[in-house]
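User: Can you walk me through this one? I'd like the sheet, then the cysteines and the charged pairs.

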Amino acid sequence: MSIERVKEYFGKYGMEERIQEFEVSSATVELAAVALHCEPQRIAKTLSFMVEGHAILVVVAGDARIDNPKYKAQFGVKAKMLSPEEVEALIGHGVGGVCPFAVNEGVEVYLDVSLKRFETVFPACGSGNSAIELTIQELEEYSGYAGWVDVCKGY
């Protein structure tokens with residue numbers, strides 16, 4: 001299971017105990033906000049795309065949406081999200097639990113500036129009923145991010 005991979009990953013840093021698992025689903029921004037008792041915009045949703053034949057992840061604030069012109073300017077291609085089947089195979093986590101931790105080799109992670117408004121955010125941890133609260137600095141450190149991007153609107 002992918003949550004086990006994430007627990008093992010955070011275990012290397014002594015942080016596995018910070019992972020929260022819920023009795024209810026946290027597979028969408030709205031459900032995660034209810035489970036965590038926080039504002040939906042603080043949910044760090046991880047979106048998966050195909051860019052020039054390889055998978056990338058873009059972590060964005062819960063209230064942000066991809067802005068197609070900004071995305072194309074950043075990555076040089078139209079935004080094409082992965083199908084649910086592709087997500088699990090290429091990223092290593094299933095839809096609803098996609099996160100920027102313990103992903104398959106070669107997957108690049110980008111963080112969207114929409115997250116910078118917050119002191120802490122809540123990304124998933126590999127399952128549809130898990131999350132971890134991280135500072136923005138911790139998100140940078142543990143996601144192994146390739147860089148900050150500005151590809152969203154609506155926040």
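Analyst: One term before the sheet: two strands pair if DSSP finds at least two bridges between them. Also, this is a predicted model.

User: How many bridges join β3 to β5?

Analyst: There are 4 bridges between strand β3 (residues 54–61) and β5, and the two run parallel. Ile56 sits opposite Glu108 of β5. Val58 has Tyr110 as its bridge partner in β5.

User: And what joins β5 to β9?

Analyst: 3 bridges, again with a parallel run; β9 covers residues 147–149. Asp112 stands opposite Val149 there.

User: Is β5 mostly covered or mostly open?

Analyst: Mostly covered. Strand β5 spans residues 108–112, and 4 of its 5 residues are buried.

User: What is the strand order in the whole sheet?

Analyst: The order is β8-β6-β2-β3-β5-β9. That is an open sheet of 6 strands with mixed pairing.

User: Which strands stand at the edges?

Analyst: β8 (134–135) and β9 do. Each has a single partner strand, so one side of each lacks a neighbour in the sheet.

User: Switching to cysteines. How many disulfides does the structure hold?

Analyst: It holds 0 disulfides.

User: Why no bond for Cys99?

Analyst: Distance. The closest cysteine sulfur is in Cys125, 5.8 Å from the sulfur of Cys99, and that is too far for a bond. The cut-off for a disulfide is 2.5 Å between the sulfur atoms. Cys99 is buried as well, at 0% relative accessible area.

User: And why none for Cys38?

Analyst: The closest cysteine sulfur is in Cys125 here too, but 13 Å away, which is too far for a bond. Cys38 counts as buried, with 14% relative accessibility.

User: Charged pairs now. How many salt bridges are there in the whole structure?

Analyst: A search finds 6. One of them pairs Glu21 with Lys7, with the closest N and O atoms 2.6 Å apart. That pair links distant parts of the chain: Glu21 is in strand β1 (residues 20–21) and Lys7 in helix α1 (residues 2–11), 14 residues apart.

User: How exposed are Glu21 and Lys7?

Analyst: Glu21 is partly exposed at 45% relative accessibility. Lys7 is partly exposed too, at 25%.

User: What does Glu133 pair with?

Analyst: Arg42. Their side chains meet in a salt bridge at 3.3 Å, N to O. Glu133 lies in the loop between β7 (130–131) and β8, and Arg42 in the loop between α2 (29–36) and β2 (43–51), so the pair ties together parts 91 residues apart in sequence.

User: Is Arg42 buried or exposed?

Analyst: Buried, with a relative accessible area of 18%. Under 20% counts as buried. Glu133 is partly exposed, at 31%.

User: What does Asp63 form a salt bridge with?

Analyst: Arg117, with the closest N and O atoms 2.7 Å apart. Asp63 sits in the loop between β3 and β4 (65–66), Arg117 in the loop between β5 and β6 (120–123), and 54 residues separate them. Asp63 is partly exposed at 26% relative accessibility, and Arg117 is partly exposed at 39%.

User: Which residues do shared salt-bridge partners join into one network?

Analyst: Glu39, Arg42 and Glu133.

User: Last topic. What caps the N-terminal end of α3?

Analyst: Asp67 does. One of its side-chain oxygens lies 3.0 Å from the backbone nitrogen of Lys70, and helix α3 covers residues 68–75. Just after α3, Gly76 takes a positive phi of about 80°.

Terms used. Residues are numbered from 1 along each chain as its sequence is written. This is a predicted model: local features need pLDDT of at least 70, side-chain atom pairs count only at pLDDT 80 or more; totals for chains, interfaces and linings use all residues. Side-chain values use heavy atoms; hydrogens and water are left out. A polar contact is a pair of N or O atoms within 3.5 Å; within protein, one must be able to donate a hydrogen and the other to accept it, and residues adjacent in sequence count only if both atoms are side-chain atoms. Buried means under 20% relative accessible area, exposed over 50%, partly exposed in between (1.4 Å probe, protein chains only). A salt bridge is a side-chain nitrogen of Lys or Arg within 4 Å of a carboxyl oxygen of Asp or Glu.
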